[in-house]
Amino acid sequence: MNIIHRPEWIIPEREATPEDVFFNRRRFMKGLGAVGLGLAAGGGGLVSSVFAQEGKDPTLDLYPAKQNPDFTLKRAITPESVTSVYNNFYEFGSHKRISGAAQALKIRPWAITIDGLVDNPQTIDFDDLVRKMPLQERLYRHRCVEAWAMAVPWTGFPLAELVKYAGPQNGAKYIRFETFEDSDVASGQRQFWYPWPYVEGVTMDEAMNDLAFVATGIYGKPLLKQYGAPIRLVMPWKYGFKSIKSIVKITFTDERPVSFWEKIGPSEYGFWANVNPEVPHARWSQATERLLGTDERVPTQLFNGYAEQVAHLYKDLQGQDLYK
Ligand SMILES: Nc1nc2c(c(=O)[nH]1)N[C@H]1C(S)=C(S)[C@@H](COP(=O)(O)O)O[C@H]1N2
Ligand SMILES: [Mo]
């Protein structure tokens with residue numbers, strides 16, 4: 001036994017949730033039928049009642065957005081009924097069933113501050129920002145460092161568009177993203193041993209790559225809260241923890257940001273976090289991944305299958321820890 005309580009992040013997901021338990025639970029949910037869906041989805045009734053309180057989502061008219069035909073998949077899309085109740089969002093708990101708790105997040109009004117080395121520093125309302133951006137739908141794979149994976153239709157815009165809008169200055173080398181902080185609604189943030197707020201960072205070159213995406217919707221609708229509403233990052237060639245949720249601050253900087261996970265466990269989580277089946281995590285293999293909602297394990301792909309689009313970004317960085 002450990003004397004110190006071990007947070008779940010240091011346990012590989014498949015050990016934390018043995019697959020037989022996970023799948024039996026899903027069968028059980030299915031057995032509940034319509035009633036089960038309402039309860040389990042943390043969606044259904046619960047979500048719509050929260051929207052009623054906050055008023056109708058003012059961006060509903062933007063969805064569904066046109067699908068971008070350059071970003072499709074051979075892999076099947078993971079059903080919303082699966083991905084909406086299996087989430088990592090430590091602000092609401094260090095386990096996967098946070099969808100109910102996440103409904104406490106108030107997503108209007110939502111201000112986003114853009115600052116640092118930019119020509120156009122500002123604080124902008126999310127509803128204004130989203131209407132300045134070229135919304136589109138893209139089908140992307142997602143690979144969590146815990147070795148589960150999904151494929152989902154995100155709606156959003158290229159991160160490069162946001163960069164252009166901010167007007168980066170010459171000295172800007174990195175973008176640092178920060179999640180909201182409010183321990184009144186996010187009980188996980190009362191767990192003082194975590195270095196809140198959640199922070200992530202990317203290089204300017206990564207941000208300008210066509211795959212780097214900012215999501216405001218999923219499955220043809222605005223993001224549900226558990227996915228990181230109203231606005232999150234999506235970096236599909238990197239482990240999922242880079243895809244920071246519910247962003248309130250975007251800072252252009254000359255200093256490499258130290259992320260939430262890097263602060264917690266620098267020997268296990270680094271800045272680059274590119275997916276690589278041949279580089280194991282400190283405590284488990286990354287060779288294969290479990291597809292959410294199925295019984296399948298499939299081989300993991302280098303850069304999560306996006307090597308052609310992104311491998312060139314790293315060719316001069318071979319001395320670095322690119323894959324953790
Ligand atoms: N703010 C914040 N963003 C976060 C996380 C988190 O705990 N807090 N978890 C990350 C991890 S580990 C993953 S795998 C994805 C999960 O996204 P999903 O729940 O939409 O599948 O969100 C990422 N973004
Ligand atoms: Mo993850």
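**Exercise 1.** Determine how many salt bridges a search of the whole structure finds, and work through the pairs of Glu178 and Lys242.

*Solution.* A search of the whole structure finds 15 salt bridges, a salt bridge being a side-chain nitrogen of Lys or Arg within 4 Å of a carboxyl oxygen of Asp or Glu. The model is predicted, so that local features need pLDDT of at least 70 and side-chain atom pairs count only at pLDDT 80 or more, while totals for chains, interfaces and linings use all residues. Residues are numbered from 1 along each chain as its sequence is written, and side-chain values use heavy atoms, with hydrogens and water left out.

Glu178 pairs with Arg176, their closest N and O atoms being 2.7 Å apart. Glu178 is buried, at a relative accessible area of 16%, whereas Arg176 is partly exposed, at 25% (buried means under 20%, exposed over 50%, partly exposed in between, with a 1.4 Å probe and protein chains only). In a further salt bridge, the side chains of Lys242 and Glu200 meet at 2.7 Å, N to O.

**Exercise 2.** Identify which residues come nearest to ligand 1, and describe its polar contacts and its shell.

*Solution.* Of the 18 residues around ligand 1, those that come nearest are Tyr90, Glu91, Arg232, Ser243 and Lys245, where a residue counts as near if one of its heavy atoms lies within 4 Å. A polar backbone atom of Tyr90 is 2.7 Å from an oxygen atom of ligand 1, and a polar side-chain atom of Lys245 lies 2.7 Å from an oxygen atom of ligand 1. The shell residues divide into nine nonpolar, six polar and three charged, with Ala, Val, Leu, Ile, Met, Phe, Trp, Tyr, Cys and Pro counted as nonpolar, Asp, Glu, Lys and Arg as charged, and the others, Gly among them, as polar.

Methods:
Chains are lettered from A and ligands numbered from 1 in the order in which they are written. A polar contact is a pair of N or O atoms within 3.5 Å; within protein, one must be able to donate a hydrogen and the other to accept it, and residues adjacent in sequence count only if both atoms are side-chain atoms.
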